[in-house]
There are 2 protein chains.
Amino acid sequence: MSASLTALMQELGRAARAVSPVLANVSREQKDRALRAAATALQRDKKNILSANTRDMHAAEERDLSAAMFDRLRLDNARLEAMACSLEDIASLADPVGRVLAEWTRPNGLRISRVAVPLGVIGIIYESRPNVTVDAGALCLKSGNAAILRGGSESLHSGAAIHGCLVEGLREAGLPAACVQRVPVTDREAVGLMLEGLDGAIDVVVPRGGKGLIERVRREARVPVIGHLDGNCHVYVDRDADLAMAVAITLNAKLRRTGVCGAAETLLVDRSAPKGHLETLVGALLDAGCAVRGDDTVKKIDSRVTVASEADWGTEYLDAIIAVRVVEGVDEAMAHIACHSSSHTESIITANDATARRFLERVDSAIVLHNASTQFADGGEFGMGAEIGISTDRFHARGPVGLEQLTSYKYVVRGSGQVRP
Amino acid sequence: MSASLTALMQELGRAARAVSPVLANVSREQKDRALRAAATALQRDKKNILSANTRDMHAAEERDLSAAMFDRLRLDNARLEAMACSLEDIASLADPVGRVLAEWTRPNGLRISRVAVPLGVIGIIYESRPNVTVDAGALCLKSGNAAILRGGSESLHSGAAIHGCLVEGLREAGLPAACVQRVPVTDREAVGLMLEGLDGAIDVVVPRGGKGLIERVRREARVPVIGHLDGNCHVYVDRDADLAMAVAITLNAKLRRTGVCGAAETLLVDRSAPKGHLETLVGALLDAGCAVRGDDTVKKIDSRVTVASEADWGTEYLDAIIAVRVVEGVDEAMAHIACHSSSHTESIITANDATARRFLERVDSAIVLHNASTQFADGGEFGMGAEIGISTDRFHARGPVGLEQLTSYKYVVRGSGQVRP
């Protein structure tokens, strides 16, 4: 690794560390002013950003990226407007810093409160979507955290132009540019240095991207990670499900958008469901253009069904493909989920409250739903405003990661001279 | 590393993983029955436990352990009674599992709640104190977590005897013994295997012990850690402090018990404090038998004061020694703390509310106190019942780690057929 890269990255770390205590005590008003000024700058600099994006798109053509990557990378007026809206939305959310999470008084008169504080310095490592620059930078700023953003090499120019708007917002609000820094080089080694924590400068790393990135982070990170693994999500249609509801939810969970982590990948159907339910569900999926990979029972229903292999139960297709299995009631459904799920999101469709309660209590996933689509797995749909991702970890944050999840806390204790006996 | 050790540890991991979903859904009554039965077993087996402890003490004599280690290792009737009480206390605490942490309804009718769930499988790695076996095992059980306990080799026989009582409690309550397992061997390699997570079986590691252990954990852990670093705690006596209160709190913070992580290690005194205040504080410490290492100003006060070196500001003495420095008001005190503190616990003594507020807001430590002793840094004193330690991390848990901090959460979403537009 070059000495100059190391020096560059250490300097980013030092600047973030230095600004972190300042940022922790900035008022909500000043943070929101920076966010709104950044939104204005984004709208004003549209032409500049779109031309930077064109350069990235040209470079991408030469590198023969996939169509999906192209789509993620591409910016247009509507997408820029959405980014500006996102900044306005985050500005309108309550300040997560300084919230009193709990308070109580001890028999000796000590008044104790648990107060939310920022995590400190957050490193965000992401891939091609340029809007992550805005979302991650804005969420970190609003939650009082210094951010070090490391976007993918594909979005080099777009990322620089968008980051320029965030810095402009900070400047107009009288905040140091070091609040939201961007790694200005594309060396892969920069990621390694961030995962080691930049000599203690980084408190938490948030990766956003595909499996390759996530696995590298898991392997190399020496600092805490807010992690986002697979979304191998399940819909279980119980014997007591309303058929029309089951069909509507299954189609929506699978096909509304197939590329999101909350998309359903496996459908489990109770063997004791009324005759015809399984056939209707499978037929509706096939007719909607979804490939179905089924177990032996499912295979017999329709010639378009192919045979599911063992690997299918563990696959996150992110495509118009679904695995379908017949199970002996809710307990076998839960056993299947416990064995194959990535603990992201699972839904039960049933009119039986006792069965639903059993499922909601016992299925150990970040999000469990009753009579609703798995595609609701989203910070916005949860009413949390923007999200930086969905955590499948159990530690610190689980489920959608919004402003509150980017805070820690401290205990403030007020006394009148108490000493401990 | 021997294949048999690896196989043994993997088997502990598999058993813990298998029991974890069962334990997550055990009722409070059943968990408390196990805890109370374990307390009874501890009292019934006193003779057996004390004779096991005698064997450990004999072995320790041959290994030439320090007096402090001897004291930690030693059991007697009173300490056994305290352990039984601790079990009863934990049984009397509310169940942290299933608490509804938040709930709200979305405009589309979805009812969302965030519900506390266990972390899963917790590995606890500790040193000589046999009572940690009881506290850690009981806290994990009550919070629905499967525990794998790895005590120090010094307490091999005591630990086995005490663990036997916990298992007896589980048996009497009809719970599997695998809920609280103990590593039955003393190989150092067992710790390494736990830090790697036992093939994904361990969700979190909690180390309790000296610097050597903590540093090894930081270096080798591949799973999340609830960490307990140094307690380099500060008392700042402001110009507006009441002198009598400042003396009482300083003596208590330093000398009540010198070996605990909440003991004060540095006293900062405002240069603008009234004439005589600094002299009274330093004299009181010296007269109470505390060694004082001071800066130039402090050195001139009393011939018993020795000169503090730069290293003293960063030293956790855990002894009757204190470093004393004169600072230019609260801002220089906060700058000193930001530079040297381990972010554990700091206290300001002042009658000035604005100065206190500034200190409480800006000092970034797990616990900040106003007009109270740093020795209150303790889960029991916070009213949290037992604690498994005090975290100086910002991630997941900060400050005293009790039952609530040993839980994660999941989102339960109840709908009536909603699909996402």
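## Exercises on a two-chain model

Strand β4 (residues 146-150) of chain A has 5 of its 5 residues buried, so it is largely enclosed by the rest of the structure. Here buried means that 20 or more other C-beta atoms, placed from the backbone, lie within 10 Å of the residue's own. Helices (H or I, at least four residues) and strands (E, at least two) are DSSP runs, numbered from the N terminus.

This is a predicted model, in which local features need pLDDT of at least 70, side-chain atom pairs count only at pLDDT 80 or more, and totals for chains, interfaces and linings use all residues. Residues are numbered from 1 along each chain as its sequence is written, while chains are lettered from A and ligands numbered from 1 in the order in which they are written.

**Exercise 1.** Work out which way the residues of β4(A) point.

*Solution.* Start with the general pattern: in a regular strand the side chains alternate between the two faces of the sheet. Now look at β4(A): A:A146, A:I148 and A:R150 point one way, and A:A147 and A:L149 point the other way.

**Exercise 2.** Find the strands that pair with β4(A) and the helices that link them.

*Solution.* Strands pair if DSSP finds at least two bridges between them.
- Step one: strand β3 (residues 121-126) of chain A runs parallel to β4(A), joined by 5 bridges, and A:I125 stands opposite A:R150.
- Step two: together with helix α6 (residues 131-142) of chain A, β3(A) and β4(A) make a right-handed β-α-β unit. Right-handed means that, with the strands pointing away from the viewer, the path from the first strand over the helix to the second runs clockwise.
- Step three: 3 bridges join β4(A) to strand β5 (residues 180-182) of chain A, again parallel, with A:A147 opposite A:V180.
- Step four: the chain goes from β4(A) through helix α7 (residues 156-172) of chain A to β5(A), in a right-handed crossover.

**Exercise 3.** Describe how chain A meets chain B.

*Solution.* Count first: 55 residues of chain A are in contact with 55 residues of chain B (C-beta atoms, placed from the backbone, within 7 Å). On the chain A side, β16(A) gives the most, with 11 residues. Then turn to the pairing: β13(A) and strand β16 (residues 407-418) of chain B run parallel, joined by 5 bridges. Within this pair, A:V368 stands opposite B:V412.

Conventions. Two residues are in contact if their C-beta atoms, placed from the backbone, lie within 7 Å. A residue is buried if 20 or more other C-beta atoms lie within 10 Å of its own, exposed if 12 or fewer, and partly exposed in between; C-beta atoms are placed from the backbone.
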